[in-house]
Amino acid sequence: MITHSSRARRTRIIGLTASAAAVTVLATACGGTGGGSATAAAKDFSYLSVTENTTVKTALTTLSKGACKAANDAQPLKVETVPQTSLDQKLQLLAGQNALPVQFAAGNAPALTSQLYKAGKVADLEKQLTDLGVLDQLEPGAVSTIKALYGGKLAALPYEYNVEGIFYNKKIFTENGLSVPQTWDALGDAAAKLQAKGIQPFSASGQQGWPITRLVSGYLYRSLGPDALKDVADGKAKLTDPQYVKAAQEIADLGKKGYFGKGVGSIDYDTAMNQFLSGKAAMFYMGSWALANIADPKQDQVGADNIGFMPFPAVTGGKGSIDQYPSNVGLAITLGSKTFDKKTGDWVSCIAKNYGSTVLKDQGVISGFKLDTDVPAPNEVSSQVRDTISSSQQNVLWFEALFSTKATTVSQTNAAGLATGSLSPDKFMQTVQDALNSQ
């Protein structure tokens, strides 16, 4: 998590900003193949983060004085930060100078970290964690997500791990005789009943766009299966294919029926969050980072006990499974291959065993590391999400995860039109596909 502010969390999730040109420059500067062995002992456990991120720095500092004190005595924690907008440029510069720190925030776009890995600059963490005997301290769902992002490689650590689904107001559901929808059709029926009683079914931010496109990908994954968007990235399918356009049509229909309320195209993230937490909307598709908002009594007027979490429902006859949750690892953290020695291994081993419980207990953040069983969740919905993460074996990505920067921008800036009806589903998918074709 980059900061405790919802605005920064929003930026983190959608901030895939590394340019193809920058990656090309990096490839020229850094020859070689992935993996790499330790060749230079590091005096400090140096960590390059982004200025906006206080969570990881705070947790590592706590560990350095407690559970990981022995590792810190041997290799002291040293933190440097740069603005997130400058991160990619900083990483490219350091990589070209063979001066990457021991640990660093992965690039804003997965493509940059993948390139660093191929250039031999990023440690093979699957091998390193296996050798240290702590690979089993990572949640399987988090490992699956990281590998999906980085070409099958465990190229980063899950200092944060988010699953996505639909938060819902249990009180509203109970008062209106609604059960948790298991299918897309049942979800539509529930929304229609709420609308008929003057209750806004969904809260969403059209201004940010990605909360709308997340619904499109949710339908795609349930109808076509977990490879739906990978097939687009691999050229096996196009967003303009009928079965893909149908997903956009289903979400457009929600908007056409008024289920997002009035003015969804101009509603920002914070307003959408407030609509749900003030009880003005019954459902809210969002990631588990929203648990921090739910746990804040100044924001949550509904009360955490009145909020539940459900998966994106199944599409009848679809190839996807209801237990395949869209997920991400926030701004992931990785380690340099050339400085990964025994002292660094001691730090990493300690982090794997202790970070998850520390960051949850102190900051209420869910990571992709397993937890001590005696760390209580702050509320029932947090416990529910924790159980979801622990039981999830295969997760999927989000709509733009495998898109170019250009296509990501095009998708998210046009999503409001899809929700408001000013852009047809065919035109929306064609516009995004054209952006993909031009990369």
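**Stop 1: strands β1 and β3**

Select residues 103-105, which form strand β3, and look for its neighbour β1: the two strands run parallel and are joined by two bridges. You are looking at a predicted model, so keep that in mind as you go. To see how the strands line up, show Tyr 47 and find Gln 103 of β3 standing opposite.

**Stop 2: the other side of β1**

Now add residues 77-82, strand β2. This strand pairs with β1 in the parallel sense, over six bridges. Tyr 47 is useful here too, since Val 79 of β2 stands opposite this residue. Move along to Leu 48 and you will find Glu 80 as its bridge partner in β2.

**Stop 3: inside β1**

Keep residues 45-50 selected. Is β1 enclosed or open? Six of its six residues are buried, so the strand is largely enclosed by the rest of the structure. In a regular strand, side chains alternate between the two faces of the sheet. Colour the two sets separately: Phe 45, Tyr 47 and Ser 49 lie on one side, while Ser 46, Leu 48 and Val 50 lie on the other, and all of them are buried.

**Stop 4: the whole sheet**

Zoom out a little and add β9. Which order do the strands take? The order is β2-β1-β3-β9, in an open sheet of four strands with mixed pairing. At the edges sit β2 and β9 (333-335), each pairing on one side only. Turn the view to look along the sheet: from one strand to the next, the twist averages 20°.

Next, select residues 84-96. This is helix α5, which packs on the sheet and touches β1, β2 and β3. The direction of α5 makes about 140° with that of β1. Then select residues 342-363, helix α16, which lies across β1, β2, β3 and β9. Helix α16 runs at about 55° to β1.

**Stop 5: a visit to Asp 131**

Select residues 125-132 to bring up helix α7, where Asp 131 is found. Is Asp 131 buried or exposed? Its relative accessible area is 53%, and exposed means over 50%, so Asp 131 counts as exposed. Now draw a distance from its C-alpha atom to that of Gly 345: the two are separated by 9.3 Å, although these residues are 214 residues apart along the chain.

**Stop 6: helix α8**

Go to residues 140-149, helix α8. The buried residues here include Gly 141, Ala 142, Val 143, Thr 145, Ile 146 and Leu 149. What covers them? Among the covering elements are α6 (110-118) and β8 (327-328). Just after the helix, pick Gly 151, which takes a positive phi of about 60°.

**Stop 7: strand β6 and its partners**

Select residues 281-287 for strand β6. Seven of its seven residues are buried, so β6 is largely enclosed by the rest of the structure. Add residues 162-169, strand β4: five bridges join β4 to β6, and the two run antiparallel. As a landmark, find Glu 164 opposite Gly 287 of β6. Then add residues 200-203, strand β5, which pairs with β6 in the parallel sense over three bridges. Here Gln 200 stands opposite Ala 281 of β6.

**Stop 8: helices packed on α19**

Two packed helices are described by the angle between their axes and the distance between the axes. Select residues 405-420 (α18) and 425-437 (α19), which pack at an angle of about 170° with axes 8 Å apart. An angle over 145 degrees counts as roughly antiparallel, so that is how α18 and α19 lie to each other. Show side chains at the contact, including Val 410, Asn 414 and Leu 418 of α18 and Phe 428, Val 432 and Leu 436 of α19.

Keep α19 and add residues 242-256, helix α13. These two helices pack at about 125°, with their axes 8 Å apart. That angle makes α13 oblique to α19. The crossing is right-handed. Among the residues making the contact are Tyr 244 and Ala 248 of α13, together with Pro 425 and Met 429 of α19.

**Last stop: how confident is the model?**

Colour the chain by pLDDT. The average is 88, and 90% of the residues score at least 70. Then select residues 1-38, where pLDDT stays under 50. For this stretch, the model has 104 contacts beyond four places in sequence.

Terms used: Residues are numbered from 1 along each chain as its sequence is written. This is a predicted model: local features need pLDDT of at least 70, side-chain atom pairs count only at pLDDT 80 or more; totals for chains, interfaces and linings use all residues. Side-chain values use heavy atoms; hydrogens and water are left out. Buried means under 20% relative accessible area, exposed over 50%, partly exposed in between (1.4 Å probe, protein chains only). Two strands pair if DSSP finds at least two bridges between them. pLDDT is the predictor's confidence in each residue, from 0 to 100. Contact means heavy atoms within 4.5 Å. Axes are lines fitted to C-alpha atoms, for helices over the stretch in contact, and angles run from 0 to 180 degrees between N-to-C directions. Angles under 35 degrees count as roughly parallel, over 145 as roughly antiparallel, 65 to 115 as roughly perpendicular and the rest as oblique. A crossing is left-handed if the near helix is turned anticlockwise from the far one by less than a right angle, and right-handed if clockwise.
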